[in-house]
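This report concerns side-chain packing, cysteines and charged pairs in a single model. The sequence and the coordinates are shown first.

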Amino acid sequence: MKFSRRTLLQLAASGAVTAALVGPVAIVGARDLPRPPGALVEADFLSRCSRCLRCLDVCQPLAIRPGHWTDGPRNLGTPVLEAAKCIMCMECIRFCPTGALSKIPKDEVVIGTVSLVKEVCLAWRGAKRCDVCFKACPTKAFTMQNRRYPVLDVTKCDGCGICLRRCPEPGSLLLTSEGAKRYQPQPGRIITRLEDRVGPYEIEPAPYSEWFLNRLRSLAGHYGLGSK
């Protein structure tokens, strides 16, 4: 499907109008929401996030959703994280074009905190011996009391959720965004030149201009605005 220059310009203008309408209310009241890994402190996150939702496009586990009106005007169109679904693949950080998500290493990311529900845990309620969470945790946040009961040190938990996904008893472990770490903007750098410390890329992110053009084409096809 081909698109005329006029059609693409109309779509671009429409996006600019949306941003102009959402932008002024973005800083007005509403609760803070869980954000993707590496998110700046809320005020800076909101000022830098362009609502492009490129992070949503690349999220394979579908852990990111767009903010809705019910989340408050300032959060409309911003990425909201469902922490329990996040596998910390770091793709959202890699593809963020504005620096709203800091390009930092995975070992510096904290997206939430796990809690252990002893009343449900197989080991703690005496149903069977189980140390799956202890063996699965990459940050060594679990220890085994008397070699039988898992104990969680929340100060070592980064919310990666590996224990949650491997636990054989649903409901034994819960992950929330409580305790998520937020980051300060890097001083002395313009938005488009933030230091990238994510690490080596297996697949280099497409240029923002290429992604934006593909997004316009997708919207045009969805709304039947393409020209033959």
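The account below treats the nonpolar core, then the cysteines, then the salt bridges of this predicted model.

**Nonpolar core**

In soluble globular proteins, nonpolar side chains tend to be buried together. Here the largest nonpolar core comprises 34 residues. Phe 45, Leu 81, Leu 101, Val 109, Val 114 and Phe 142 are those with the most contacts inside this core. At least two core residues come from each of helix H2 (42-48), helix H4 (91-95) and strand E6 (173-176).

Val 114 may be taken as an example. Apart from its neighbours within four places in sequence, Val 114 contacts Leu 152, Val 154 and the two cysteines Cys 157 and Cys 163. Leu 173, Leu 174 and Leu 175 are also in contact with Val 114.

**Cysteines**

The structure contains zero disulfides. For Cys 86, the nearest cysteine sulfur belongs to Cys 92 and is 6.4 Å away; Cys 86 is in no disulfide. With a relative accessibility of 7%, Cys 86 counts as buried. Cys 130 has its closest cysteine sulfur in Cys 167, at 6.1 Å, which is too far for a bond. Cys 130 also counts as buried, at 18% relative accessibility, because the threshold for that class is under 20%.

**Salt bridges**

Side chains of opposite charge can pair when their charged atoms come close. The model has seven salt bridges, among them the three listed here with their closest N to O distances.

| Basic residue | Acidic residue | N to O distance |
|---|---|---|
| Arg 182 | Glu 42 | 2.6 Å |
| Lys 85 | Glu 82 | 3.3 Å |
| Arg 94 | Glu 91 | 2.6 Å |

What does the salt bridge between Glu 42 and Arg 182 tie together? Glu 42 lies in helix H2, and Arg 182 lies in the loop between E6 and helix H7 (208-222), so the pair links parts that are 140 residues apart in sequence. Glu 42 is buried at 9% relative accessibility, whereas Arg 182 is partly exposed at 26%.

Arg 94 and Glu 91, in turn, both belong to helix H4 and are three residues apart, about one turn of the helix. Arg 94 counts as buried, with 17% relative accessibility, while Glu 91 is partly exposed at 23%. Through salt bridges with shared partners, Arg 35, Glu 42 and Arg 182 form one network.

In the remaining tabulated pair, Lys 85 is partly exposed at 40% relative accessibility, and Glu 82 is likewise partly exposed, with a relative accessible area of 32%.

Notes. Residues numbered from 1 in each chain as written. Predicted model: local features only at pLDDT ≥ 70, side-chain atom pairs only at ≥ 80, totals over all residues. Heavy atoms only, no water. Core = buried A, V, L, I, M, F, W, Y, C linked by side-chain atoms within 4.5 Å. Buried < 20%, exposed > 50% of the residue type's maximum accessible area, 1.4 Å probe, protein only. Helix = DSSP H or I, 4+ residues; strand = E, 2+ residues; numbered from the N terminus. Contact = heavy atoms within 4.5 Å. Disulfide = S-S within 2.5 Å. Salt bridge = Lys/Arg side-chain N within 4 Å of Asp/Glu carboxyl O.
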